[in-house]
Amino acid sequence: HLQDPYITNKEISEEMPKNSLMFISLPAIWEWVKKFQPNGLNQEHIYLLSEVHFEELSDASGFDLVEKKYFAEKHSIFYVFKNRKNNYREPVYKNIYKESLEIYNKYVDHFSITAENINLKIKNFNLGKNSIYIFGAHVFTQFLIAAGLEEKNFNAVLDNNPSKNGKRLYGTSLITHQPELIAKDYHPVVIVKAGGYTKEICNQLKKLNKRVEIIL
């Protein structure tokens, strides 16, 4: 969520004592985009940040890499850095523009096709009889709608955050409800495109209503 990760890291280094440790959890954006997760690139994640670029900017801003570990099939990367302090340089980034552009174009094309396919699947349901929902009162849903998903087909957005209950998902006319809303529906249909959280959400919905049909 940083406008300039190099400058921010450098400022952190200046404030930390020499040889002190910094622990960072970094979202593996590169992997998210390659796996077509809708929270990969958006108004919050504004860089297609690769590991090699992040490690280079960290070294240039005064940090030595001590350790790194991948979490949950490269959902995130945990780093430990030691602060060298007052040993800064301009980062020299490896040129991966061609590879980045290819991944980005595939990402955009994928969601345009995905939105179109979901619209076609929804048409197979009786919109007067079936309640149609989409999970996630956040960027997941906004991204799909921006890609062409027709919001007029949905009864509501489902989200586990109680503070969002009864509120409108900004940028849309959709009102948010907690997932328990589907419990009494005879045959609810829920769109779930939630990246690394998809499996967990699907299990939750099936526990609430065994007749739920999930479109992935």
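E51 is partly exposed, with a relative accessible area of 21%. Keep that in mind for the first exercise, and remember that you're looking at a predicted model.

**Exercise 1. Work out how exposed K68 is, and what its side chain does with that of E51.**

Step 1. Start with the cut-offs: buried means under 20% relative accessible area and exposed means over 50%, with partly exposed in between. E51, at 21%, is therefore partly exposed.

Step 2. Now do K68. Its relative accessibility is 31%, so K68 counts as partly exposed too.

Step 3. Look at the two side chains together. E51 and K68 meet in a salt bridge, with 2.7 Å from N to O. The pair ties together parts 17 residues apart in sequence, because E51 lies in helix 3 and K68 in strand 2.

Step 4. Here's the general idea: side chains of opposite charge can pair when their charged atoms come close.

**Exercise 2. Find the salt bridges that R89 makes with helix 3, and say which residues join the network.**

Step 1. Take E56 as the starting point. Its side chain meets that of R89 in a salt bridge of 2.7 Å, N to O. This one links distant parts of the chain, 33 residues apart: E56 is in helix 3, while R89 is in the loop between strand 3 and helix 4 (97–122).

Step 2. Move along to D59. The side chains of D59 and R89 also form a salt bridge, at 2.5 Å from N to O. With D59 in helix 3 and R89 in that loop, the pair ties together parts 30 residues apart in sequence.

Step 3. Check how covered each residue is. E56 counts as buried at 17% relative accessibility. D59 is partly exposed at 27%, and R89 is partly exposed at 31%.

Step 4. Widen the view. A network of salt bridges links E56, D59, D64, R84 and R89. Searching the whole structure turns up 9 salt bridges.

**Exercise 3. In what order do the strands of the antiparallel sheet lie, and which helices pack on it?**

Step 1. Get the order. This open sheet has 3 strands, arranged 1-3-2, and the pairing is antiparallel. Strand 1 and strand 2 are at the edges with a single partner strand each, so each has one side without a neighbour in the sheet. From one strand to the next, the twist averages 20°.

Step 2. Zoom in on one pairing. Strand 2 and strand 3 are joined antiparallel by 8 bridges. For Y70, the bridge partner in strand 3 is I77.

Step 3. Add the helices. Helix 1 lies across strand 1, strand 2 and strand 3, and runs at about 120° to strand 2. Helix 3 packs on the sheet as well, touching strand 1, strand 2 and strand 3, with its direction at about 150° to that of strand 2.

Step 4. See what helix 3 packs with. Its buried residues are H53, F54, E56, L57, S58 and A60. They pack against helix 1 (5–15), strand 1 (21–27), strand 2 (63–71) and strand 3. Just after helix 3 comes G62, with a positive phi of about 105°.

**Exercise 4. Is N83 buried or exposed, and which residues does its side chain meet in polar contacts?**

Step 1. Place the residue: N83 sits in strand 3 (residues 76–83).

Step 2. Read off its accessibility. N83 is at 0%, so it counts as buried.

Step 3. Hunt for polar partners. The side chain of N83 makes a polar contact of 2.6 Å with the side chain of S13. A polar atom of the N83 side chain also lies 3.2 Å from the backbone oxygen of M16.

Step 4. List the wider surroundings. Skipping neighbours within four places in sequence, N83 is in contact with S13, M16, P17, K18, N19, S20, G62 and F63.

**Exercise 5. Which strands stand at the edges of the parallel sheet, and how many bridges join strand 4 to strand 5?**

Step 1. Write down the order. 5 strands form an open sheet, 6-5-4-7-8, with parallel pairing. Strand 6 (176–177) and strand 8 (213–215) are the edge strands; each has a single partner strand, so one side of each is left without a neighbour in the sheet.

Step 2. Count the bridges. Strand 4 (residues 132–135) and strand 5 (residues 156–158) run parallel and are joined by 3 bridges.

Step 3. Pick out one partner: Y133 has A156 as its bridge partner in strand 5.

Methods
Residues numbered from 1 in each chain as written. Predicted model: local features only at pLDDT ≥ 70, side-chain atom pairs only at ≥ 80, totals over all residues. Heavy atoms only, no water. Helix = DSSP H or I, 4+ residues; strand = E, 2+ residues; numbered from the N terminus. Buried < 20%, exposed > 50% of the residue type's maximum accessible area, 1.4 Å probe, protein only. Polar contact = N/O pair within 3.5 Å; in protein donor to acceptor, adjacent residues only side chain to side chain. Contact = heavy atoms within 4.5 Å. Pairing = 2+ DSSP bridges. Axes fitted to C-alpha atoms, helices over the stretch in contact; angles between N-to-C directions. Salt bridge = Lys/Arg side-chain N within 4 Å of Asp/Glu carboxyl O.
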